[in-house]
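Work through the exercises below with the sequence and the model open. Each task is followed by a solution in steps.

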Amino acid sequence: MTVYIDPPDWPGHGQFWSHLVSDESFDELHAFAAAIGCPPRAFERDHYDVPAARYPDAVRAGAREIGSKELVRRITAAGLRRPKGRPAPGGDGPA
């Protein structure tokens with residue numbers, strides 16, 4: 001099980017955000033996100049948006065810290081990348 005998180009460098013809604021992804025499966029990602037308290041609404045296509053204040057929680061729970069470019073490379077290689085404009089296959093959202 002490997003879940004990754006990039007630095008909270010992405011601005012939005014008055015704060016900074018990280019992206020939480022899995023290079024294994026969406027099921028793994030949803031289970032990890034639920035375990036650290038990410039609400040289902042934080043899931044966007046292929047990742048969870050995690051506010052900077054929750055970044056340490058994700059790392060303590062086992063998310064590996066990597067850069068944003070490496071994060072995208074890994075989920076693309078795993079076939080889990082869902083860019084904007086491309087519909088996600090059914091069943092990929094959190095239960």
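The exercises concern a predicted model and go from the whole chain to single residues and then to a pocket.

**Exercise 1. Describe the fold of the protein chain in terms of its helices and strands.**

Step 1. Count the elements: the protein chain has three helices and six strands.

Step 2. Put them in sequence order, which gives β-β-β-α-β-β-α-β-α.

Step 3. Look at the contacts between residues with a separation of 6 or more: 59% of them join residues 24 or more positions apart.

Step 4. Add the surface. Of the 95 residues, 36% are buried. The chain exposes about 5,400 Å², and 55% of this comes from carbon and sulfur atoms.

**Exercise 2. Find which residues of helix α1 are buried, and what covers them.**

Step 1. Locate α1 at residues 26-35; its buried residues are F26, E28, L29, H30, F32 and A33.

Step 2. Recall the helix geometry: an α-helix has 3.6 residues a turn, so residues three or four places apart point the same way.

Step 3. Identify the cover. Among the elements over these buried residues are β1 (3-5), β3, β4 (43-44), β5 and α2 (55-60).

Step 4. Inspect the two ends. At the start of α1, a side-chain oxygen of S25 comes within 3.5 Å of the backbone nitrogen of D27. After α1 comes G37, with a positive phi near 85 degrees.

**Exercise 3. Decide whether S18 is buried or exposed, and list what its side chain and contacts reach.**

Step 1. Place S18 in strand β3.

Step 2. Apply the cut-off: buried means under 20% relative accessible area. The relative accessible area of S18 is 0%, so S18 is buried.

Step 3. Follow the side chain of S18 to the backbone oxygen of D6, at 2.8 Å.

Step 4. List the contacts of S18 beyond four places in sequence: I5, D6, P7, P8, Y48, D49, V50 and Y55.

**Exercise 4. Classify P11 by accessibility and find its contacts.**

Step 1. P11 belongs to strand β2 (residues 10-12).

Step 2. Its relative accessibility is 62%, so P11 counts as exposed.

Step 3. Setting aside residues up to four places away in sequence, P11 touches F16 and W17.

Step 4. Compare sequence and space: P11 and P51 lie 40 residues apart in sequence, and their C-alpha atoms are 9.6 Å apart.

**Exercise 5. For H13 and R45, give the phi value, the place in the chain and the exposure.**

Step 1. H13 has a positive phi, near 55 degrees, and R45 has a positive phi, near 65 degrees. Neither residue is glycine.

Step 2. H13 sits in the loop between β2 and β3, while R45 sits in the loop between β4 and β5.

Step 3. With a relative accessible area of 79%, H13 is exposed. R45, at 23%, is partly exposed.

**Exercise 6. Describe the largest pocket and the residues that line it.**

Step 1. The volume of the largest pocket is about 250 Å³.

Step 2. Its lining has 15 residues, and those closest to the centre are W10, H19, R45, H47 and R81.

Step 3. Assign the lining to elements. At least two residues each come from β3 (15-22), β5 (47-51) and α3 (68-77). The largest share, four residues, is from α3.

Step 4. Sort the lining by class: five residues are nonpolar, three are polar and seven are charged.

Methods: Residues numbered from 1 in each chain as written. Predicted model: local features only at pLDDT ≥ 70, side-chain atom pairs only at ≥ 80, totals over all residues. Heavy atoms only, no water. 1 Å grid on protein atoms, 1.4 Å probe; cavity = no way out; pocket = protein on both sides within 12 Å on 5 of 7 lines; lining within 4 Å. Points joined across faces, edges and corners; volume = space filled by probe spheres on them. Nonpolar A, V, L, I, M, F, W, Y, C, P; charged D, E, K, R; others polar. Buried < 20%, exposed > 50% of the residue type's maximum accessible area, 1.4 Å probe, protein only. Contact = heavy atoms within 4.5 Å. Polar contact = N/O pair within 3.5 Å; in protein donor to acceptor, adjacent residues only side chain to side chain. Areas by Shrake-Rupley, 256 points an atom, 1.4 Å probe, with all protein chains shown as cover.
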